[in-house]
Structure formats: structure tokens, C-alpha cells
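Reader: I should like to learn how to read a structure of this kind. May we look at it together and proceed by questions?

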Amino acid sequence: MSIQAIEGVLQQLQMTSLQASGKQAESTNQVDFSATMKAALDKISETQTTARAQAQDFEMGKPGIQLNDVMVDLQKSSISMQMGVQVRNKLVSAYTDIMSMQV
């Protein structure tokens with residue numbers, strides 16, 4: 001998940017907060033939350049698929065694939081997945097907090 005996707009999520013939360021308080025947002029640049037999340041999840045999936053394919057190619061002995069490249073790509077894949085899980089955990093926590101608020 002990229003920094004831009006996280007910034008998009010933050011911007012969406014800020015705009016929702018402004019709308020809930022009755023104020024109008026100064027910026028008309030709205031970000032579609034679901035599209036941003038889908039793009040981030042697609043990027044994580046693409047990273048994992050690429051790393052897995054490269055590891056299989058290395059195992060099969062394809063020429064031009066180095067072990068260090070495979071290991072770096074597998075680590076990138078692992079880190080992106082961990083970041084995605086942490087973002088999900090924060091979103092679930094925020095949702096739970098909002099749902100438990102008294103109106």
C-alpha cells in the first residue's frame with residue numbers, strides 16, 4: 001500500500017468529519033474511499049504474485065534470475081502485506097470507536 005493511498009484514506013476521514021460537524025470542506029478534491037482501498041489491495045496482490053512467480057522461476061533454474069533479487073522481492077511482498085494488515089486493523093479500530101459513540 002502506498003503513502004498516497006494512506007493519504008487518500010486520511011483525507012476521506014477528514015472530509016467525513018467536516019460533513020458530520022456541518023461544515024463544508026474547503027477543497028473540492030474528493031477521494032473515493034473504496035477505489036483507493038481497492039487500488040491498494042490490488043498493488044499488494046500484484047507484489048505478492050510477482051514475488052511468487054520470480055521465486056518459482058528461480059527454483060526452476062531460469063537464467064538471469066538472481067537469488068538476491070528473489071529475496072528482496074519476497075521481503076517487499078511480506079512488508080506490503082504486513083502494512084496492509086496494520087492499516088486494516090486501524091480502520092477496524094476506528095470503525096469500532098465510531099460505532100460505540102453516543103449520538
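Reader: Is serine 77 buried or exposed?

Author: This is a predicted model, in which local features need pLDDT of at least 70 and side-chain atom pairs count only at pLDDT 80 or more, while totals for chains, interfaces and linings use all residues. Residues are numbered from 1 along each chain as its sequence is written, and side-chain values use heavy atoms, with hydrogens and water left out. A residue is called buried under 20% relative accessible area, exposed over 50%, and partly exposed in between (1.4 Å probe, protein chains only). Because its relative accessible area is 9%, serine 77 is buried.

Reader: With which residues is serine 77 in contact, leaving aside its neighbours within four places in sequence?

Author: Serine 77 lies in helix H3; helices (H or I, at least four residues) and strands (E, at least two) are DSSP runs, numbered from the N terminus. Contact means heavy atoms within 4.5 Å. Once neighbours within four places in sequence are left aside, the contacts of serine 77 are Thr47, Gln48 and Ala51.

Reader: Which residues are buried in H2?

Author: Helix H2 covers residues 33-59. Its buried residues include Ala51, which is also one of the contacts of serine 77. The full list for H2 is Thr36, Met37, Ala40, Ile44, Ala51, Gln54 and Ala55.

Reader: What span should the 27 residues of H2 have?

Author: The expected span of a helix is 1.5 Å times one less than its number of residues. The end C-alpha atoms of H2 are 39 Å apart, which agrees with the expected span of 39 Å.

Reader: How many residues has H3, and what length does it reach from its first C-alpha to its last?

Author: H3 runs over residues 67-99. Its buried residues are Val70, Ser77, Ser80, Gly84 and Val87. With 33 residues, H3 is close to the 48 Å expected, for it reaches 48 Å.

Reader: How many helices and strands has the chain?

Author: Read along the sequence, the chain follows the pattern α-α-α. Of its 103 residues, 17% count as buried. The chain has 3 helices and 0 strands.

Reader: Which residue forms a salt bridge with lysine 38?

Author: A salt bridge is a side-chain nitrogen of Lys or Arg within 4 Å of a carboxyl oxygen of Asp or Glu, and the structure holds 2 of them. Lysine 38 and its partner both lie in H2, 4 residues apart, about one turn of the helix. Residues three or four places apart in an α-helix point the same way, because there are 3.6 residues a turn. The closest N and O atoms are 3.1 Å apart, and the partner of lysine 38 is aspartate 42.

Reader: What N to O distance separates aspartate 57 and lysine 62 in their salt bridge?

Author: Aspartate 57 counts as partly exposed, because its relative accessibility is 24%. Lysine 62, at 47%, is partly exposed as well. The side chains of aspartate 57 and lysine 62 meet at 3.7 Å.

Reader: Which helix gives the most to the nonpolar patch?

Author: Patches are made of residues with over 30% relative accessible area and no salt bridge; like charges are joined within 9 Å, and nonpolar side chains (Val, Leu, Ile, Met, Phe, Trp, Tyr) within 5 Å. Phe58, Leu67, Met71 and Leu74 make a nonpolar surface patch of about 340 Å². Phenylalanine 58 is found in H2 and is partly exposed, at 32%. The helix that gives the most, with 3 residues, is H3.

Conventions: Areas by Shrake-Rupley, 256 points an atom, 1.4 Å probe, with all protein chains shown as cover.
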